[in-house]
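Okay, thanks everyone, let me get going. I'll put the structure up, and then we'll walk through it together.

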Amino acid sequence: MPRGKYVNHKGRNRNFTNPEELEAQRKKDEEEKKWRKTREQGSDDDDDDDEDNEDGEDDDSDESDSGDENAKGAQSVIQIQNPNRVAKKSHRKVDEVDEDEEPQLTRREKEELDKQRAAAAYQKRHAEGKTAQAKADLARLAIIKQHRAEAAARREAEKKDKEAKTKSGAS
């Protein structure tokens, strides 16, 4: 096995394609062309100029001259009636323009506003103590307060014991 990125082909045996394989490939290609041609004839009975092109190249020079200049592909042939497609007027009169009309928000802007509203609502509920996290925090705070109160009571008791011992030891 040679080392490195490039392989040297000198001194190797030459591989030739089998003539039977070449003939089989040629027959297969001819059958595909015939099948495509019959398929095009079945679907395009009124378009006979497409049948002359067997190699798949489109001859749209005469169609583009007669059709719309801006139309691409089959748009010049097929009339599209898409209800979702909105044809915008390029010019609007001053009377038609609404001054109080709000600018339309994009999807990202709407999502950002929804996110901010949700965060504000969560903060409000958290401040009221209605969220699970707030309940856990309040429970933890209650336990800490209880421990601190017990520790303060213990310190007071120890302080009183020391004072009592010092008074009893001094007298």
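So, one definition before anything else: when I say salt bridge, I mean a side-chain nitrogen of Lys or Arg within 4 Å of a carboxyl oxygen of Asp or Glu. With that in hand, look at E23, R26 and E30, which salt bridges link into a network. Keep in mind that what you see is a predicted model.

Let me stay with that network for a moment. The E23 to R26 bridge has its closest N and O atoms 2.2 Å apart. Why might these two line up? E23 and R26 sit three residues apart in helix 1, residues 19-43, so about one helical turn separates them. In general, an α-helix has 3.6 residues a turn, so residues three or four places apart point the same way. And side chains of opposite charge can pair when their charged atoms come close. As for solvent, E23 is partly exposed at 33% relative accessible area, and R26 is partly exposed too, at 40%.

Now let me zoom out. How many helices and strands does the protein have? Four helices and zero strands, so to speak an α-α-α-α pattern when you read along the sequence. Of the 171 residues, 3% are buried. The protein exposes about 17400 Å², with carbon and sulfur atoms supplying 48% of that area.

On to the surface. V77, I78 and I80 make a nonpolar patch there, and together they have about 290 Å² of accessible area. V77 belongs to the loop between helix 2, residues 61-66, and helix 3, residues 107-128. Is V77 buried or exposed? Exposed, because its relative accessibility is 57% and the cut-off for exposed is over 50%.

Next stop, helix 3. This is a nice sanity check on geometry: with 22 residues at 1.5 Å a residue, helix 3 should span 32 Å, and its end C-alpha atoms are indeed 32 Å apart, so the two agree. Inside helix 3 there's another bridge, R117 with D114, and here the closest N and O atoms are 3.4 Å apart. The spacing is three residues, so again R117 and D114 are separated by about one helical turn. R117 counts as exposed at 55% relative accessibility, while D114 comes out partly exposed at 45%.

What follows helix 3? That would be G129, and its phi is positive, near 85°. Around there you'll also find E128 and K130, whose side chains meet in a salt bridge at 3.3 Å, N to O. E128 is partly exposed at 45% relative accessibility, and K130 is exposed at 56%. Searching the whole structure turns up seven salt bridges, and I've only picked out some of them for today.

Last residue, and it's one I like: T131. Where is T131? In the loop between helix 3 and helix 4, the latter being residues 132-170. T131 is buried, with a relative accessible area of 4%, and the cut-off for buried is under 20%. What does the T131 side chain reach? The backbone nitrogen of A134, at 3.2 Å. Setting aside neighbours within four places in sequence, T131 is in contact with Y122, R125 and H126.

To recap: a predicted model with four helices, a salt-bridge network of E23, R26 and E30, a nonpolar surface patch of V77, I78 and I80, and a buried T131 in the loop between helix 3 and helix 4. That's my bit, over to you.

Key:
Residues are numbered from 1 along each chain as its sequence is written. This is a predicted model: local features need pLDDT of at least 70, side-chain atom pairs count only at pLDDT 80 or more; totals for chains, interfaces and linings use all residues. Side-chain values use heavy atoms; hydrogens and water are left out. Helices (H or I, at least four residues) and strands (E, at least two) are DSSP runs, numbered from the N terminus. Buried means under 20% relative accessible area, exposed over 50%, partly exposed in between (1.4 Å probe, protein chains only). Accessible areas come from the Shrake-Rupley method with a 1.4 Å probe; for residues, only the protein chains shown count as cover. Patches are made of residues with over 30% relative accessible area and no salt bridge: like charges are joined within 9 Å, nonpolar side chains (Val, Leu, Ile, Met, Phe, Trp, Tyr) within 5 Å. A polar contact is a pair of N or O atoms within 3.5 Å; within protein, one must be able to donate a hydrogen and the other to accept it, and residues adjacent in sequence count only if both atoms are side-chain atoms. Contact means heavy atoms within 4.5 Å. The expected span of a helix is 1.5 Å times one less than its number of residues.
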